[in-house]
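Me: I have this one open on my screen and would like to walk through its pockets and a few odd spots. Can we start with the open spaces and then move on to the backbone?

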Amino acid sequence: MAAAARLAVRARPQSNPNPGVGAILVKDGAVIGRGWTQAGGRPHAEAMALSLAGGDARGATLYVTLEPCAHRSDRGPACSDLVASAGLAALVYAVRDPDTRTAGQGARRIAEAGTEVRHVPCSAAADSLEGYLMRSWHGRPHVTLKLAMSLDGCTALASGESQWITGEAARAHVHSRRAMADAILVGGGTWRSDHPRLDVRLPGLEGRSPARYLLTRGEAPDGVQAIGSPEGISGLTDAQYLYVEGGARTAAAFLAADRVDTLHLYRAPIILGDGARSVADSGLTDLASAHDRWTLTDRRQLGSDRFEAYRRIRHERD
């Protein structure tokens, strides 16, 4: 299932508005088919895997990150129908589909056809669907906040000079993260001082540049759309993944509104002293409230810079 989750990442963000799903067919201990949701949402991962396996799919086990869909479409058949008619020995799926058109109906249809069906939760599969699930459950995109800073937490010199804090490897990594987002957002101060292009400049991925947004209560420049507040991201109905690149007040606004799900921190081995801080006042009133909010999920070296990813710990009260 973890391998299927890694395949699912290939679908992001081009599968939008459909979720990025991964599927693997296994028979006699060997992989005979695999797939992930294609650009525009079709074909689905299950259809790709079954097509690749052909007649060999009979008697195999299908591992899929999301419950196969039960609703029919003019663009293609329901995956639950495809799976039910494939003669599989078993279906193993990790996440129940919150879409009311499926929501248990897909798994039930497959079971009624005589295929063993098992729901086996998998954190890697849930992580690969975080944008789709956030949109389904909370009506907004999943938000990643990116901060590039010095060891002492500065994003620029006191004069405002900020290019470049990090090296080429770290900047390339940022562009790869942009390529996995539906939309990218900065604040007005960053827009005016840095004039960012907010695109993807990695060879072969230029076409993955996300839609551009500006956090402002005024008008946005041509080619950029305005959002008045972090809460306004609920209006981004076409986006499952939003990448926020700051600056300090924008970062603080999203943190204060609890609209950050993942933190991406890039730390350069430099000390800037009396420079611009990476995050402005986010409204914390006591130190205890700062604890038990973030957990480390990734850490790696990018040239001379250090990358760390943190996930927001969501409690039942959140």
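Me: How much space lies in the largest pocket?
Reply: In this model, which is predicted, the largest pocket holds about 1,200 Å³ of space.

Me: Which residues lie nearest its centre?
Reply: Thr 190, Asp 194, Glu 245, Gly 246 and Gly 247 lie nearest the centre of the largest pocket, out of 46 residues that line it. The elements that each give two or more residues to that lining are strand E6 (142–150), strand E7 (154–156), helix H7 (168–178), strand E8 (183–187), helix H8 (188–194), helix H9 (248–256) and strand E13 (276–277).

Me: And how does the lining of the largest pocket divide by class?
Reply: The lining of the largest pocket is made up of 17 nonpolar, 19 polar and ten charged residues.

Me: OK, next one down. What is the volume of the second largest pocket, and which residues are closest to its centre?
Reply: The second largest pocket has about 700 Å³ of space, and of the 27 residues lining it, Arg 12, Glu 130, Arg 177, Met 180 and His 264 are the closest to its centre.

Me: Which elements supply that second lining, and which domains does it draw on?
Reply: At least two residues each come from helix H1 (2–9), helix H5 (123–128), E6, H7, strand E11 (241–244), strand E12 (262–268), strand E14 (294–302) and strand E15 (305–312). Both domain 1 (1–134) and domain 2 (141–312) are represented, with at least three residues from each. By class, this lining has twelve nonpolar, seven polar and eight charged residues.

Me: What about closed spaces, how many cavities of 30 Å³ or more does the structure hold?
Reply: There is one cavity of 30 Å³ or more, and the volume of the largest cavity is about 70 Å³. Its lining consists of Ala 8, Val 9, Arg 12, Pro 13, Ser 15, Asn 16, Asn 18, Gly 20, Ser 128, Asp 182, Gln 240 and Tyr 241, which divide into four nonpolar, six polar and two charged residues. The cavity lining also draws at least three residues from each of domain 1 (1–134) and domain 2 (141–312).

Me: Pro 13 is in that list. What kind of peptide bond joins Arg 12 and Pro 13?
Reply: Arg 12 and Pro 13 are joined by a cis peptide bond, with omega at about 0°, and Pro 13 sits in the loop between H1 and strand E1 (22–27). Another cis peptide bond joins Asn 16 and Pro 17, where omega is about 15°, and Pro 17 is likewise found in the loop between H1 and E1.

Me: Switching to phi: where is Leu 198, and is it buried or exposed?
Reply: Leu 198 lies in the loop between H8 and E9, and it counts as buried because its relative accessibility is 1%. Its phi is positive, near 55°, in a residue other than glycine.

Me: And why does Asp 258 count as partly exposed?
Reply: Asp 258 has a relative accessibility of 22%, so it counts as partly exposed, given that buried means under 20% and exposed means over 50%. Asp 258 is in the loop between H9 and E12 and, although not a glycine, has a positive phi of about 55°.

Me: Since H9 came up, which of its residues are buried, and what do they pack against?
Reply: The buried residues of H9 are Thr 250, Ala 251, Ala 252 and Phe 254, and they pack against E6, E8, strand E9 (211–215) and E11.

Me: What does Ser 278 touch?
Reply: Leaving aside residues up to four places away in sequence, Ser 278 touches Leu 147, Met 149, Gly 153, Thr 155, Ala 248 and Ala 251. Ser 278 is in the loop between E13 and E14, and it counts as buried because its relative accessibility is 11%.

Me: Last topic, cysteines. How many disulfides does the structure hold?
Reply: The structure holds zero disulfides. Cys 79 is in no disulfide, and its nearest cysteine sulfur, that of Cys 69, is 4.0 Å away, whereas a disulfide needs the pair of cysteine sulfur atoms within 2.5 Å.

Me: Are Cys 79 and Cys 154 buried or exposed?
Reply: Cys 79 counts as buried at 1% relative accessibility, and Cys 154 is buried with a relative accessible area of 0%.

Definitions and conventions: Residues numbered from 1 in each chain as written. Predicted model: local features only at pLDDT ≥ 70, side-chain atom pairs only at ≥ 80, totals over all residues. Heavy atoms only, no water. 1 Å grid on protein atoms, 1.4 Å probe; cavity = no way out; pocket = protein on both sides within 12 Å on 5 of 7 lines; lining within 4 Å. Points joined across faces, edges and corners; volume = space filled by probe spheres on them. Helix = DSSP H or I, 4+ residues; strand = E, 2+ residues; numbered from the N terminus. Nonpolar A, V, L, I, M, F, W, Y, C, P; charged D, E, K, R; others polar. Domains from an automatic or database assignment. Buried < 20%, exposed > 50% of the residue type's maximum accessible area, 1.4 Å probe, protein only. Contact = heavy atoms within 4.5 Å.
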